[in-house]
Amino acid sequence: VDFDGSRCIKITTSHPRLDGPSLPGHNTHGGLKKEFAAAEKLCVRQVKYRFCFTDLDPTESHSDPYEHGFAFFTFGPYEKSLQLQKGLLVEPSQHDPTAYQLVWWDQALGHDGPTIMRVRQGTWYEVLMTFDWRTTDQTDPNNLLAYITVTDRETSSPQMTIKTSREPLTSFGIYNSSASVSHFSSISVRYSKQTSRDGSLSTDE
């Protein structure tokens, strides 16, 4: 679709209704994903994308922030039994009933990572994630270092360093998990096969 002068992907997710048909766009699994064979041993190098979001039910989302999220950009696998997604999402603030924040999310850890930036509805943000396979984390060699920056028309977040697991790229996706509308554009995911300079993967024996 065309939105705010940009050609983009629009994902609409709404609450199911108990007293009749679901509202337009309701889909508990709404989104897009791309999958790769694990045997390819792919390393994600860099991710760029633009996004904006609208919360369709701010009162509900702020009443239980950890149960709501918008504009997910995550890496799989996506099977519920594995609980291994990680990536970025927008979640409502616990402390301000009108505020939202972009956070790093890692299901394997069981909790949110650091807040990357406070974000606003209806504003376009540009995200850059760079994954550093060739630098060893001195605290834990099993970690992969990722550097994240986010910018809008007025501000830029400081570069944030995230420590995540050294898993091969098997999938990535965009979606919502709450009543919201998200727009994504200019999505670029760079990846290539593992080389000797990349160090080990978590799946290596």
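This passage walks through a predicted model of a single chain, from its overall make-up to a few individual residues.

To start with the big picture, the chain is built from 14 strands and one helix. It runs to 205 residues, and 46% of them count as buried. The accessible surface adds up to about 11,000 Å², with carbon and sulfur atoms supplying 50% of that area. Contacts can also be sorted by how far apart the partners sit in sequence. Among contacts with a separation of 6 or more, 64% come from residues 24 or more positions apart.

Next comes the inside of the chain. The largest nonpolar core takes in 37 residues, and Phe-51 and Met-129 have the most contacts inside it. The biggest contribution to this core comes from strand 5, which covers residues 42-55 and puts in seven residues. Apart from this core lies another one, made of six residues, including Phe-72, Tyr-78, Leu-89 and Tyr-175.

Met-129 is worth a closer look. Leaving out residues up to four places away in sequence, Met-129 touches Phe-73, Phe-75, Leu-88, Trp-104, Tyr-147 and Ile-148, along with Arg-45, Gln-46, Val-47 and Tyr-49. Right after it in the chain comes Thr-130, which belongs to strand 10. Thr-130 is partly exposed, because its relative accessibility is 28% and the buried class stops under 20%. Beyond its neighbours within four places in sequence, Thr-130 is in contact with Arg-45 and Gln-46, and also with Leu-145, Ala-146 and Tyr-147. With Tyr-147, the C-alpha atoms are 5.2 Å apart, although the two residues are 17 apart in sequence.

Another threonine, Thr-164, sits in strand 12, which spans residues 160-165. Thr-164 has a relative accessible area of 3% and is therefore buried, the limit being under 20%. Its side chain makes a polar contact of 3.1 Å with the side chain of Lys-86. Lys-86 also appears among the residues that Thr-164 touches, together with Trp-104, Asp-106, Asn-142, Asn-143 and Leu-144, again not counting residues up to four places away in sequence.

Charged pairs come next. The whole structure holds ten salt bridges. One of them brings together the side chains of Lys-41 and Asp-204, at 3.3 Å from N to O. Lys-41 lies in the loop between strand 4 (31-35) and strand 5, while Asp-204 lies in the segment after strand 14, so this pair ties together parts of the chain that are 163 residues apart in sequence. Both ends of the bridge are partly exposed: Lys-41 has a relative accessible area of 35%, and Asp-204 has one of 25%.

Asp-198 takes part in salt bridges with two arginines. In the bridge to Arg-45, the closest N and O atoms are 2.9 Å apart. That pair links distant parts of the chain, with Asp-198 in the segment after strand 14 and Arg-45 in strand 5, 153 residues away. Asp-198 and Arg-45 are both buried. In the bridge to Arg-134, the closest N and O atoms are 3.3 Å apart. Here too the link joins distant parts: Asp-198 follows strand 14, and Arg-134 lies in the loop between strand 10 (125-132) and strand 11 (143-151), a separation of 64 residues. The three residues Arg-45, Arg-134 and Asp-198 thus belong to one network of salt bridges. How buried or exposed are Asp-198 and Arg-134? Asp-198 counts as buried because its relative accessibility is 0%, where the class needs under 20%. Arg-134, at 46% relative accessibility, falls into the partly exposed class because that class ends where exposed begins, at over 50%.

Last comes the outside of the chain. Ile-9, Leu-32 and Ile-187 form a nonpolar patch on the surface, and together they show about 220 Å² of accessible area. Ile-187 belongs to strand 14, which covers residues 180-193. With a relative accessible area of 34%, Ile-187 is partly exposed.

Definitions and conventions. Residues are numbered from 1 along each chain as its sequence is written. This is a predicted model: local features need pLDDT of at least 70, side-chain atom pairs count only at pLDDT 80 or more; totals for chains, interfaces and linings use all residues. Side-chain values use heavy atoms; hydrogens and water are left out. A nonpolar core is a set of buried Ala, Val, Leu, Ile, Met, Phe, Trp, Tyr and Cys residues joined through side-chain atoms within 4.5 Å. Buried means under 20% relative accessible area, exposed over 50%, partly exposed in between (1.4 Å probe, protein chains only). Helices (H or I, at least four residues) and strands (E, at least two) are DSSP runs, numbered from the N terminus. Contact means heavy atoms within 4.5 Å. Patches are made of residues with over 30% relative accessible area and no salt bridge: like charges are joined within 9 Å, nonpolar side chains (Val, Leu, Ile, Met, Phe, Trp, Tyr) within 5 Å. Accessible areas come from the Shrake-Rupley method with a 1.4 Å probe; for residues, only the protein chains shown count as cover. A salt bridge is a side-chain nitrogen of Lys or Arg within 4 Å of a carboxyl oxygen of Asp or Glu. A polar contact is a pair of N or O atoms within 3.5 Å; within protein, one must be able to donate a hydrogen and the other to accept it, and residues adjacent in sequence count only if both atoms are side-chain atoms.
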